[in-house]
Amino acid sequence: MIMPETKKIAVIAGDGIGPEVVAEAIKVLKRTEELFGYRFEFEHGLFGGIAIDEKGTPLPEDTLRMCQAADAVLLGAVGGPKWDNNPKELRPETGLLGIRKALGLYANLRPAVVFDCLIGASTLKPEVLRGTDLIVVRELTGGIYFGEKYRRDTENGQIAVDTCVYSVPEIERIVRRAFEIARQRRKKLASVDKANVLETSRLWRETVNRIAPEYPDVELEHVLVDNAAMQLLRRPASFDVIVTENMFGDILSDEAAMLTGSIGMLSSASLGDGNRGLYEPVHGSAPDIAGKGIANPVATILSAALMLRLSFGYHDAADAVERAVREVLDAGHRTADIAEAGDKTVGTTEMGDLIAAAMRN
Ligand code: NAD
């Protein structure tokens, strides 16, 4: 038998519940080594508030080098009240921006999956939500957040300007990523823009239409962003992959997240060129519950499943993790954040143990 190559995973657990939830994701990754024969090497680095305390910077050089040399990065969460009033360069979030930039991560992926057994946790009606399993692919490094900004005094008072700029190569690379992802899923892509008003959106749509013939197996629809915001609430289960520019993606991915109803379940991936990616839960460091052993590790475990699928192409292992999560939830096990009155709850470690034990080849 040919041994699979060892994949290097840089682990930056960060602050608050970060180390607690990351430990459970590592447990699950180690279980995939046993079940499928894959090999991982975990290297740990300081990041965020703890790095500020110990090294005087949120993103120490050696942590950054470790991430650049890795095949994938697993991130917990950063931040907490201790560092909230620090100057900008000594804030944990500055480390997050730094690492995304250094790794050239331009695509942010946020799945929103509604689990039948948790359907009551959402504010929407179950019949609308049932079957929802979508992913928002958001362009992360261009558009209005990064364009030129200024203010100027005029005879009518002060004006403020934010410029939105997109180049063809910037659009092409994110759109190709989205088509590729759609191809691995249900083969449906919704491209969201505002082409009736914005020039950047017209260039976006032209580029999408030019690339589409390369993916004849993927069904494409164009949706205007205002309509997309409505359709996400009206027919969420009809979406598969949604691709859009930075600001629209920022808003729509949060809207999609709320379909599921629980922050402790939401995973994410950020990708650049090649296979390397950064995988992290959507939630923060949850200082209010840190150290209590009650955090929900599912968001981080599902982020590890995304790593298996997107960076390593280990679809069998990714399927096994996702199936195990579903099984454990269906069996009624709940951490406190997703429990209803009267449910018996499990802690962080027990949830990780249950998921690892439910995995099968
Ligand atoms: P948060 O996501 O940390 O917490 C919001 C609420 O959700 C809290 O009540 C928390 O207990 C709960 N929660 C979050 N994750 C949970 C989990 N896995 N299991 C159970 N409950 C969970 O957001 P916040 O309170 O606004 O921010 C706290 C800190 O985290 C701040 O310093 C903020 O800057 C930072 N933050 C970091 C990231 C990141 O690292 N990517 C993202 C968001 C916020």
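Helices, at least four residues long, and strands, at least two, are DSSP runs numbered from the N terminus. These labels are used below to describe two pockets and the ligand surroundings in this predicted model.

**The largest pocket**

The largest pocket has a volume of about 760 Å³. Its lining comprises 25 residues, and those nearest the centre are Leu-96, Leu-97, Arg-100, Arg-138 and Leu-140. Helix H4 provides the largest share of this lining, namely 4 residues. At least two lining residues each are supplied by strand S3 (72-77), helix H4 (92-102), strand S4 (107-113), strand S11 (267-271) and strand S12 (277-281). In terms of residue class, the lining of the largest pocket holds 11 nonpolar, 9 polar and 5 charged residues. Where does this pocket lie with respect to domain 1 and domain 2? Because domain 1 (1-106 + 267-361) and domain 2 (123-259) both contribute residues to the lining, the largest pocket lies between them.

**The second largest pocket**

The second largest pocket encloses about 500 Å³ of space. It is lined by 21 residues, of which Val-113, Asp-133, Arg-185, Arg-309 and Glu-322 are the closest to its centre. S4, strand S5 (133-139), helix H10 (298-310) and helix H11 (315-330) each give at least two residues to this lining. The lining of the second largest pocket divides into 11 nonpolar, 3 polar and 7 charged residues. Domain 1 (1-106 + 267-361) and domain 2 (123-259) both take part in the lining, and the second largest pocket therefore lies between them.

**The ligand and its shell**

Which residues come nearest to the ligand? Among the 20 residues around the ligand, these are Val-78, Gly-284, Ala-286, Asp-288 and Asn-296. The shell around the ligand consists of 9 nonpolar, 7 polar and 4 charged residues. Polar contacts of the ligand with backbone atoms are listed in the table.

| Residue and its atom | Ligand atom | Distance |
|---|---|---|
| Val-78, polar backbone atom | oxygen | 2.9 Å |
| Ala-286, polar backbone atom | oxygen | 2.8 Å |
| Asn-296, backbone N or O atom | nitrogen | 2.9 Å |

How much of the area that the ligand exposes when taken alone does the protein bury? The ligand by itself exposes 800 Å², and the protein buries 68% of that area.

Methods: Residues are numbered from 1 along each chain as its sequence is written. This is a predicted model: local features need pLDDT of at least 70, side-chain atom pairs count only at pLDDT 80 or more; totals for chains, interfaces and linings use all residues. Side-chain values use heavy atoms; hydrogens and water are left out. On a 1 Å grid over the protein atoms alone, a cavity is a set of points where a 1.4 Å probe fits but cannot get out, and a pocket is an open set with protein on both sides within 12 Å along at least five of seven lines; lining residues have an atom within 4 Å of a point. Grid points are joined across faces, edges and corners, and a volume is the space filled by probe spheres set on the points. Ala, Val, Leu, Ile, Met, Phe, Trp, Tyr, Cys and Pro count as nonpolar, Asp, Glu, Lys and Arg as charged, and the others, Gly among them, as polar. Domain bounds come from an automatic or database domain assignment. A residue is near a molecule or strand if one of its heavy atoms lies within 4 Å of it. A polar contact is a pair of N or O atoms within 3.5 Å; within protein, one must be able to donate a hydrogen and the other to accept it, and residues adjacent in sequence count only if both atoms are side-chain atoms. Accessible areas come from the Shrake-Rupley method with a 1.4 Å probe; for residues, only the protein chains shown count as cover.
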